[in-house]
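Could you walk me through the overall build of this chain, one topic at a time?

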Amino acid sequence: MNDLNTVVESAKAAFAQATTPADLENAKALFLGKSGRITELMKGMAALPVEQKKSLGAAINLAKQAIEAALNARRQALADAQLQAQLQAEALDVTLPGRQRGQGGLHPVSITLERIEAIFGSMGFEVAQGPEIETDWFNFTALNTPEDHPARSMHDTFYVEGGTATAPNLLRTHTSPIQIRHAVQHVKKHRDALGAGSDGLFSGTMPEIRVIAPGRTYRVDSDATHSPMFHQCEGLWIGENVSFKDLKFVFTDFCRIFFESNDLMLRFRPSFFPFTEPSAEIDIQFQSGPLAGRWLEVAGSGQVHPNVVSNMGLDPEKFIGFAFGMGPDRLTMLRYGVSDLRLFFDSDIRFLSQFQ
Ligand code: PHE
């Protein structure tokens, strides 16, 4: 019996020493394997008398069970240890605050453009777009701008290589070419709908043209209040009976809503543009706040010149209207009290995030 106890104890010791599952299986073979200690003891019983066989066999079985129990306990312990090690190695600290993306927002000039579109939208104006690389025809000629007008010089306008007078050859200097592009399409659409053909100027009946055209524009100019790339928003309203009175009404309403100032004053100062006659610069004056009392120029405007109405494909004896072109960058500066236009285009997050 003592022998058996020794075998069980040495099995337990061997199992305890095994630190990996493979070691443990090797240790198991020493005791329970084909030529292990327990198996050898069983074989040794063959020659014994029956009575002895019985009692020794029972004792060996108990020893075997004790060894198996010790083996299973060690197996479990090694598996637990391995799991613990794995859990520790793969641990995630879920208490760390996550890395968040900064929240973006609209550029202040985009906020202004959205406001302009919403306000004119509520007055029934559509929004049109046009190409930034324009032809000489749409940017100047169709707008009644003479060959020798200073705006056509290299000094004022960015020309691109490879263009011709009718193929894109310059960066548009204003949004006014969109007037012509939009009007020509509008007229064509309604002529086609009427089956009116495309010859001559149209003098039939068509829905009014009421459109604004916001976009980027380019001039050779750079200082605190001028950037070579800037924004304009054109407005055009053409019908059979649209007058300067309507321009005054529409633009006054727009400015008062845009600046949220009911007592804002407007001044229409006589001016000259080749594409409008008569023409006026529009100045505004705040009655309160840091800019109160000063006249501030915000737009050019005028009654659309008959030559331009003709270039739209319309009979100028029948159709008449007004146009204006304003500077959304300048409107943004006035609304937020920003004194240097270049800040809008520096992409400095510290400046831009103030508008969110
Ligand atoms: N296109 C003119 C400019 O850039 C502005 C303007 C538009 C004036 C429409 C009158 C009518 O200066």
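What follows is a short exchange on shape and cores.

Me: Before we begin, what kind of model is this, and how are residues numbered?
Reply: Side-chain values use heavy atoms, with hydrogens and water left out, and residues are numbered from 1 along each chain as its sequence is written. Local features need pLDDT of at least 70, side-chain atom pairs count only at pLDDT 80 or more, and totals for chains, interfaces and linings use all residues, since this is a predicted model.

Me: Is the protein chain more spread out or more compact than the globule rule gives?
Reply: The rule, 2.2 Å times the number of residues to the power 0.38, gives 21 Å for 356 residues. The radius of gyration, taken over C-alpha atoms, is 45 Å, well over that value, so the chain is more spread out than a compact globule.

Me: What box do the C-alpha atoms fill along the principal axes?
Reply: The box is taken for the protein chain along those axes. Its rough dimensions are 135 × 55 × 40 Å.

Me: Which helix gives the most to the largest nonpolar core?
Reply: A nonpolar core is a set of buried (under 20% relative accessible area, 1.4 Å probe, protein chains only) Ala, Val, Leu, Ile, Met, Phe, Trp, Tyr and Cys residues joined through side-chain atoms within 4.5 Å. The largest has 43 residues, and Phe251 and Phe254 are among those touching the most other members. With 7 residues (244–258 being its span), the top contributor is helix H8.

Me: How many residues are in the second, separate core?
Reply: Ala128, Ile238, Phe319 and Ala323 are included in this core. Its size is 24 residues.

Key: Buried means under 20% relative accessible area, exposed over 50%, partly exposed in between (1.4 Å probe, protein chains only). Helices (H or I, at least four residues) and strands (E, at least two) are DSSP runs, numbered from the N terminus.
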